[in-house]
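Biologist: Before we discuss any assignment, could you show me the model and then explain what each term rests on?

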Amino acid sequence: MGTRSIAYLNYIYTNACSMGNKQEELEAIAQQENHDIDAIMETWWVTHTTGVLDGCKLFRRDRQRRRGGGVAPYVRECFDCLDDGGDDRVECLWLRIRGKAKGDIPVGVCYRPPNQDEEADETVYKNLQDIS
């Protein structure tokens, strides 16, 4: 499959508060709207859980050491995409969609819990600065 030219990206960014009972709804929305990126916060997935969207690559960062949280962008397979990783202290996942003429496009999916401390906030700011 070839790489698609990027003039604009069609995306959705949503807080699922657990994907456990929402996967079919996401599939229906993704099929109807034909998003390039479906970015989900608070997936609440655990290691063995996965969600599949036809024609998309799934990237994910699950919350470590406690329940809830997690982020997961689905990106259309037609895009050449690199996982830039992130920092395990925050719930963020950073990607670069490879562009041709104007360079790569950074894409981030972050969830900030209400009780996140200032040090974690600074980590998110640094990650954003590094990816830009």
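Modeller: Two strands pair if DSSP finds at least two bridges between them, and strands (E, at least two residues) as well as helices (H or I, at least four) are DSSP runs, numbered from the N terminus. This is a predicted model, in which local features need pLDDT of at least 70 and side-chain atom pairs count only at pLDDT 80 or more, while totals for chains, interfaces and linings use all residues. Residues are numbered from 1 along each chain as its sequence is written, and side-chain values use heavy atoms, with hydrogens and water left out.

Biologist: What makes β5, β6 and β7 an open sheet, and which strands stand at the edges?

Modeller: The 3 strands have the order β5-β6-β7 with antiparallel pairing. β5 (81-85) and β7 (105-111) each have a single partner strand, so one side of each is left without a neighbour in the sheet. The twist averages 25 degrees from one strand to the next, where axes are lines fitted to C-alpha atoms (for helices over the stretch in contact) and angles run from 0 to 180 degrees between N-to-C directions.

Biologist: How do you know that β6 and β7 pair?

Modeller: DSSP must find at least two bridges, and β6 (residues 91-97) and β7 are joined by 7 in the antiparallel sense, so the criterion for pairing is met. Within this pair, Glu91 stands opposite Tyr111 in β7.

Biologist: Which strands are joined to β2 by bridges, and in which sense do they run?

Modeller: β1 (residues 11-15) runs parallel to β2 and is joined to it by 5 bridges, whereas β4 (residues 71-76) runs antiparallel to β2, also with 5 bridges. Asp38 is the bridge partner of Ile12 and stands opposite Tyr74 in β4.

Biologist: Why is β2 called mostly covered?

Modeller: Buried means under 20% relative accessible area, with exposed over 50% and partly exposed in between (1.4 Å probe, protein chains only), and 5 of the 5 residues of β2 (residues 37-41) are buried. Both faces are covered, with Ile37, Ala39 and Met41 on one side and Asp38 and Ile40 on the other.

Biologist: What puts the buried residues of α1 on the same side?

Modeller: Gln23, Leu26 and Ala30 are buried in α1. They cover an arc of only 60 degrees around the axis, which puts them on the same side of α1; the arc is that of the directions from the helix axis to the C-beta atoms. The face turned away from that buried side carries the exposed residues Glu24, Glu25, Gln31 and Gln32.
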